[in-house]
Amino acid sequence: MKESRPHALDAWDDRLVAFLDGSASNAERAAIEAHAVDCPICRRRLAALRTIDRDLHAAMAGESPGRAFDRAVLERIAVFERGFDARAAQDRIASMRRAEMAALESLRRRVRLDVVLDMFGAIGAAAVTGLIGLQMAGTFGAGIDAIRDAAGGALPTVLAAGTAVIALLVGTGYAVGRERGLL
Amino acid sequence: MDDAIRAALARGEHREAFEMLLPLYRDRVLRLVRGMLRDRTLAEDVAQDIFLRIWRALPGFAGRASLGTWVYAIARNACLSELRKRRPEISLERNEGDSAGPAFEPVAPDQDDTATRSVLDVLDRLPARQREVVLLYYVEDRSVEQTAAVLDAPVGTVKALLHRARKRLVQLVDESAEVNA
């Protein structure tokens, strides 16, 4: 066998790679094959490239897992979907709870405002009632002078204060009853 | 088949589309994941997870990229996440021309034969783009055209990357052999 003159590999390397990946023309392939017969450098290079190609192909191949893999994937999806449904249901419940809590809080705020208003109403009513009591004590002063004398002159004050306390108690009771949903 | 899948998606029939997609891409995704992770047991688990991701993302598939490109992008990202979880200190996006250390490393050596392990070891030392092209080229049964379609890159670019990758692999294998000699 006639050995070709030693040469730099770079001159042939691209052609050898093209030969290997099938992109070389038929004429080029014939030329490379003829050259490789006589050139140990290119022969070794081609052998090395073929080895790498074979090893990579073998490394990337491997048996197909087939339908078993598909079943495992579909099962994983089913689990995910069930989890997804459960999560969606939980989200819906949580959302409803949040809406309920918001409505309840709004109601509480309104009720508290009503209580305050009722308390003011009760105090106002007590004050008005006390004033009426005082006026009555003045208007019917003559008729009750005897009673006033008997009470030692404190009757209008006692009457006004008593009426106011009663009105206050009634107003407070009404407010509390409303807050607790009894009224 | 891609057209049939796209048509099913256009009709909103996601399950039908997925059931066509799964057997079509199953082996190729699994090979790609094996190539990237180098752990067969883990690869199968990760590949199943990739198809779950695909299932979840399928209604949002816009159809701008090819289906293969989209599937492989999800697979690649899942592999990188898996590798990142195990080796957070490793740079995952090293590009061509970078010379420091491997761009990513397998999570654990697989029980392949020595030659296979050797070539995969050196494959890890290629720049990211070259390595990706090599992996896809072999996943796609040595089809440059398919690899180019998946990467949405010109055929000439893929050929050039493959060309450089092969030359570099030969060098790396030789160096590795000299070190081990």
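**Close-up 1. V29(B) and its neighbours in the predicted model.** This is a predicted model, and the view centres on V29(B). Leaving aside residues up to four places away in sequence, V29(B) touches A47(B), I50(B), F51(B), V71(B) and A75(B). V29(B) also turns up among the residues that touch the most other members of the largest nonpolar core.

**Close-up 2. The largest nonpolar core.** This core has 77 residues. The ones touching the most other members are F18(B), L21(B), V29(B), V33(B), I50(B), F51(B) and I54(B). Helix α2 (residues 14–37) of chain B chips in with 11 residues, the largest share of the core. Two of the contacts of V29(B) from the previous view, I50(B) and F51(B), are on that list of best-connected members too.

**Close-up 3. E132(B) in its helix.** E132(B) sits in helix α6 of chain B, which runs over residues 128–139. Is this glutamate buried or exposed? It counts as buried, because its relative accessible area is 19% and the cut-off is under 20%. Not counting residues up to four places away in sequence, E132(B) touches R76(B) and L151(B).

**Close-up 4. Cysteines without a disulfide.** Over all chains, the disulfide count is 0. Take C39(A): its nearest cysteine sulfur belongs to C42(A) and lies 3.7 Å away. Why does that pair not count? A disulfide needs the two sulfur atoms within 2.5 Å, so C39(A) is in none. C39(A) is buried, with a relative accessible area of 1%. Over in chain B, C79(B) is buried as well, at 0%.

**Close-up 5. Chain B, zoomed out a little.** How many helices and strands does chain B have? There are 8 helices and 0 strands, so the pattern along the sequence reads α-α-α-α-α-α-α-α. Chain B has 181 residues, and 50% of them count as buried. Among its contacts with a separation of 6 or more, 59% join residues 24 or more positions apart. The accessible surface of chain B is about 8300 Å², with 47% of it belonging to carbon and sulfur atoms.

**Close-up 6. Confidence along chain A.** The average pLDDT of chain A is 77, and 79% of the residues score at least 70. Where in chain A is confidence lowest, and where is it highest? Helix α5 (residues 141–151) of chain A is the low point, at a mean of 62. Helix α2 (residues 26–38) of chain A is the high point, at 90. Where pLDDT is low, the predicted coordinates shouldn't be read in detail.

Key
Residues numbered from 1 in each chain as written. Chains lettered and ligands numbered in written order. Predicted model: local features only at pLDDT ≥ 70, side-chain atom pairs only at ≥ 80, totals over all residues. Heavy atoms only, no water. Helix = DSSP H or I, 4+ residues; strand = E, 2+ residues; numbered from the N terminus. Buried < 20%, exposed > 50% of the residue type's maximum accessible area, 1.4 Å probe, protein only. Contact = heavy atoms within 4.5 Å. pLDDT = per-residue confidence, 0-100. Core = buried A, V, L, I, M, F, W, Y, C linked by side-chain atoms within 4.5 Å. Areas by Shrake-Rupley, 256 points an atom, 1.4 Å probe, with all protein chains shown as cover.
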